[in-house]
Amino acid sequence: MDVVLTELAYQLDSIPAFPYLVTLHVMNVSAGLRNTIGPKPVSWYYSLILCIFASFGGSTLGYFLLNKHFPILASPYFIPAAIVIWYFMMQKPLGDLLYKIFSFPPIRIMAICASAIFSQRSVTSCVDMSQEIYPGALFSALIIATVSGVGGLIFITLDIHLRNTGAPVHIGGYLKLTLGLVLVYMFLTDAFGLFWGPFLGSKEARLITTTLLITNNVLSYMLGPFNPFSPFEGLFFRVVAPEVTYTSGYGPKKQQQDQPEKEPKKKNN
């Protein structure tokens, strides 16, 4: 069993970030931005910057907090690939055709899996580097890794609120999911010092957390509110914003109060 787990973990880590993971990840983000940008027109450079920050903002924030070089600058292909994909996904009429092709379930599921792998690499790397730089500072590792996991959604959420587009917001549920996966990774690698050494290696722990994230994201895409992994997603919003009802997978829906219908005025004879 250990040999199989190690082999699978090695195969997962051997998937190159470029072109496979980055291409599918940016396509997934661009497709999501088509729904969140809203009806208000935005300039092309604003849309491009938002796409880049939504794609690589999490890892950028995490590495910035660790005073490390930004991963998007580590490869000369990341930003040019993001610009090309953004152009073809956003421009009409080609973008509409590509969006319909990308909405085909097998392709969309592949992109969801690639985004999960790309995200977990950044999150787990931030945990490992934080433990090396600040040994024993578990809270710092937890915060930095969680920010790295939800950083892209932070920029999207800021855009939604600043421009008041009314698009769905998913950051609360994903924040709790990322926090839980970081805790699982830290437990498996014995960051808390509960065992006489690591329970699993970093690669094997990354494989487990990535599998959990892929399972949750694919089930959310296929089942929506019936995803068994998210029964408590609305708890965060009920505590923070009780005046808003949040439905799993569909974002905020403001409660509408029933207003009495106005009676028509009677004409005086």
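Biologist: D13, D128 and R206 are linked in a network of salt bridges. What makes D13 and R206 a salt bridge?

Modeller: This is a predicted model, in which local features need pLDDT of at least 70 and side-chain atom pairs count only at pLDDT 80 or more, while totals for chains, interfaces and linings use all residues. Residues are numbered from 1 along each chain as its sequence is written, and side-chain values use heavy atoms, with hydrogens and water left out. A salt bridge requires a side-chain nitrogen of Lys or Arg within 4 Å of a carboxyl oxygen of Asp or Glu. In D13 and R206 the closest N and O atoms are 2.9 Å apart, so the pair meets the rule. The partners belong to distant parts of the chain, 193 residues apart: D13 is in helix 1 (residues 2-13) and R206 in helix 9 (residues 202-223). Helices here are DSSP runs of H or I with at least four residues, strands are runs of E with at least two, and both are numbered from the N terminus.

Biologist: Why is the contact of D128 and R206 called a salt bridge?

Modeller: The N to O distance between their side chains is 3.9 Å, and the pair therefore falls within the cut-off. This pair also links distant parts of the chain, with D128 in helix 6 and R206 in helix 9, 78 residues apart. The count by this rule is 2 salt bridges. In general, side chains of opposite charge can pair when their charged atoms come close.

Biologist: Are the residues of this network buried or exposed, or in between?

Modeller: Buried means under 20% relative accessible area, exposed means over 50%, and partly exposed lies in between, with a 1.4 Å probe and protein chains only. R206 counts as buried because its relative accessibility is 9%. D13, at 24%, counts as partly exposed, and D128, also at 24%, is partly exposed. Across the protein chain of 269 residues, 43% are buried.

Biologist: What makes V84, Y87, F88, L94, L97 and I101 a nonpolar patch?

Modeller: A nonpolar patch joins side chains of Val, Leu, Ile, Met, Phe, Trp or Tyr within 5 Å, from residues with over 30% relative accessible area and no salt bridge. L97, in helix 5, has a relative accessible area of 49% and is therefore partly exposed. Together the six residues have about 540 Å² of accessible area, computed by the Shrake-Rupley method. Helix 4 (78-90) and helix 5 (94-102) each supply at least two of the patch residues.

Biologist: Why is the space lined by S119, Q120, G149, Y174, L177, T178, L181 and L213 called a cavity?

Modeller: A cavity is a set of points on a 1 Å grid over the protein atoms alone where a 1.4 Å probe fits but cannot get out, and lining residues have an atom within 4 Å of a point. The structure holds 2 cavities of 30 Å³ or more, and these residues line the second largest, which contains about 30 Å³ of space. Helix 8 gives the most to this lining, with 4 residues.

Biologist: What is the character of that lining?

Modeller: The lining has 4 nonpolar residues, 4 polar and no charged. Ala, Val, Leu, Ile, Met, Phe, Trp, Tyr, Cys and Pro count as nonpolar, Asp, Glu, Lys and Arg as charged, and the others, Gly among them, as polar.

Notes: Patches are made of residues with over 30% relative accessible area and no salt bridge: like charges are joined within 9 Å, nonpolar side chains (Val, Leu, Ile, Met, Phe, Trp, Tyr) within 5 Å. Accessible areas come from the Shrake-Rupley method with a 1.4 Å probe; for residues, only the protein chains shown count as cover. On a 1 Å grid over the protein atoms alone, a cavity is a set of points where a 1.4 Å probe fits but cannot get out, and a pocket is an open set with protein on both sides within 12 Å along at least five of seven lines; lining residues have an atom within 4 Å of a point. Grid points are joined across faces, edges and corners, and a volume is the space filled by probe spheres set on the points.
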